[in-house]
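This report goes through one protein chain by region. It begins with the core and ends with single residues in loops and strands.

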Amino acid sequence: MLISWMSHDAYCSFISQGITSLSSSDLIRLRGSFSDSLDKLTSLDLDPVRDLLLTHYSNTGRPAQHQPQILRSFLLMGDLKETSIKNWVHKLHSDPKKLKLKKGEKLPPKSTGSVKKMVHFLFKHPLKKCSERLLQEIFVLAAIVPSVNLGLIPADSLTAAGDGTCLPVPSSHYGIKDCKCYEEDGIWGCKCDRRYSDPDARWGWDSSKEQWFYGHSIYMLSCYNRDFHVDMPLYFRFVGANRHDSISGVVALAEYRELCPNLPIRNIVLDSAHDNFPTYHLCREWDITPFIDLNPTNNGNRTYPGAVTVNEKKSSCLHGWTSHGQLGTL
Ligand SMILES: [Zn+2]
């Protein structure tokens, strides 16, 4: 397996040397506009990712080059809020400082039957690897493990929160015509092939805005760091906008268990979209205490006592069924 790798130390010294050769005006610009990006890229040690990437390259032929640089480029691209690779390439070549930084050189709720089937599936089949899994594994090695080592993510009694968020896309679900039937022949409604910019986009329901949207959903698990008052991301997953959070939630828990077997989630906080018995069942099997907001539409299905004592110290009405068959309160 051949791969050409610039180590993190070599990258940092490359940046240090590059900074010393900058003019005073460029230095001011770097420390102004790009200081956050510079801190992020020089703090992110990608060396632990090297062995993982090695297994994905051929052991014959020319060595793969610039792999950490490609990852840094994507990180810088996202940090500077650029989403077009074409525009990004143009910007990089028109701005040598950026080049140096990167180079180193809702649907109506589904029935719990769907969740039950997914939970049943998860008990019997480990989730297969997909291309997105590699990015998740890179994220674990480059971000989660160092965060645990630095004490930013607690290694014991991890309490995580899970939720999905909408990601609308501007693509048309009708597709775009590439032909000139109308312009040249005046033909409306021709049957020519259409171009779909985002063929994986789907219609979904945004429950917070109470409107439909076209695009994707991102399901995330995170934990809260009390010392720095920040949410620490644990897991990301792109899913179709038409997938309900209740399904994404159990898939997320299953995939997280495989990705981070040494950092188990002990408590999970979820919203009312996850209030179904298959999820409670899964949590009990995996020794996770769920704290799930009650779904008001589930009143008729409540088997366990719904009343909880609320006093001035417990202002929330969240409660969950613990692994020991007791109600947990938050
Ligand atoms: Zn046509």
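## The largest nonpolar core

In this predicted model, the largest nonpolar core has 28 residues, and those that touch the most other members are Ala160, Leu221, Leu234, Ala252, Leu253, Tyr256 and Ile268. Seven elements each supply at least two residues of this core: helix 9, strand 5, strand 6, helix 11 (245–259), strand 7 (265–270), helix 12 (277–285) and strand 8 (289–292). Helix 11 gives the most, with six residues.

Alanine 160 is one of the core residues that touch the most other members. Leaving out residues up to four places away in sequence, alanine 160 touches Leu221, Ser222, Cys223, Leu234, Ile265 and Ile268. Leu221, Leu234 and Ile268 are also among the core residues that touch the most other members.

## The chain as a whole

The chain has 330 residues, of which 25% count as buried. Its secondary structure comes to twelve helices and ten strands.

## Helix 12 and the residues beside it

Helix 12 is among the elements that supply at least two residues of the core. The buried residues of helix 12 are Pro278, Thr279, Tyr280, Leu282 and Cys283. Just after helix 12, aspartate 287 takes a positive phi of about 60 degrees.

On the other side, asparagine 276 lies in the loop between strand 7 and helix 12. Is asparagine 276 buried or exposed? Asparagine 276 has 25 other C-beta atoms within 10 Å, and a residue with 20 or more counts as buried, so asparagine 276 is buried. The C-alpha atom of asparagine 276 is 8.0 Å from that of serine 246, although the two residues are 30 apart along the chain.

## Packing of helix 3 against helix 5

Two packed helices are described by the angle between their axes and the distance between the axes. For helix 3 (residues 35–43) and helix 5 (residues 67–79), the angle is about 150 degrees and the axes are 10 Å apart. Angles over 145 degrees count as roughly antiparallel, and helix 3 and helix 5 are therefore roughly antiparallel to each other. The crossing of helix 3 past helix 5 is right-handed. Helix 3 contributes Ser37, Lys40 and Leu41 to the contact, while helix 5 contributes Arg72, Leu75, Leu76 and Asp79. By type, the residues of this contact are three nonpolar, one polar and three charged.

Lysine 40, in helix 3, is one of the residues that make the contact. Apart from residues up to four places away in sequence, lysine 40 touches Leu75 and Asp79. The C-alpha atoms of lysine 40 and leucine 76 are separated by 8.8 Å, with their positions 36 residues apart along the chain taken as the sequence separation. Lysine 40 has 14 other C-beta atoms within 10 Å and is partly exposed. The reason is that 14 lies between the limits, because 12 or fewer would make a residue exposed and 20 or more would make it buried.

## Loop residues with positive phi

Which residues other than glycine have a positive phi in the loops next to strand 1 and strand 6? Serine 157 is found in the loop between helix 9 (131–149) and strand 1 (158–168), and its phi is positive, about 50 degrees, although it is not a glycine. Serine 157 counts as exposed because it has 10 C-beta neighbours inside 10 Å, and the limit for exposed is 12 or fewer.

Histidine 229 is found in the loop between strand 5 (211–225) and strand 6 (230–240). Histidine 229 is not a glycine either, and its phi is positive, near 55 degrees. Histidine 229 has 7 other C-beta atoms within 10 Å and is therefore exposed.

## Isoleucine 176 in strand 2

Isoleucine 176 is found in strand 2 (residues 176–177). With 10 C-beta neighbours inside 10 Å, isoleucine 176 counts as exposed. Leaving aside neighbours within four places in sequence, isoleucine 176 is in contact with Arg194 and Arg195. Isoleucine 176 and aspartate 193 are 17 residues apart in sequence, and their C-alpha atoms are 8.8 Å apart in space.

Terms used:
Residues numbered from 1 in each chain as written. Predicted model: local features only at pLDDT ≥ 70, side-chain atom pairs only at ≥ 80, totals over all residues. Helix = DSSP H or I, 4+ residues; strand = E, 2+ residues; numbered from the N terminus. Core = buried A, V, L, I, M, F, W, Y, C linked by C-beta atoms within 7 Å. Contact = placed C-beta atoms within 7 Å. Axes fitted to C-alpha atoms, helices over the stretch in contact; angles between N-to-C directions. Parallel < 35°, antiparallel > 145°, perpendicular 65-115°, else oblique. Left-handed = near helix turned anticlockwise from the far one by under 90°. Nonpolar A, V, L, I, M, F, W, Y, C, P; charged D, E, K, R; others polar.
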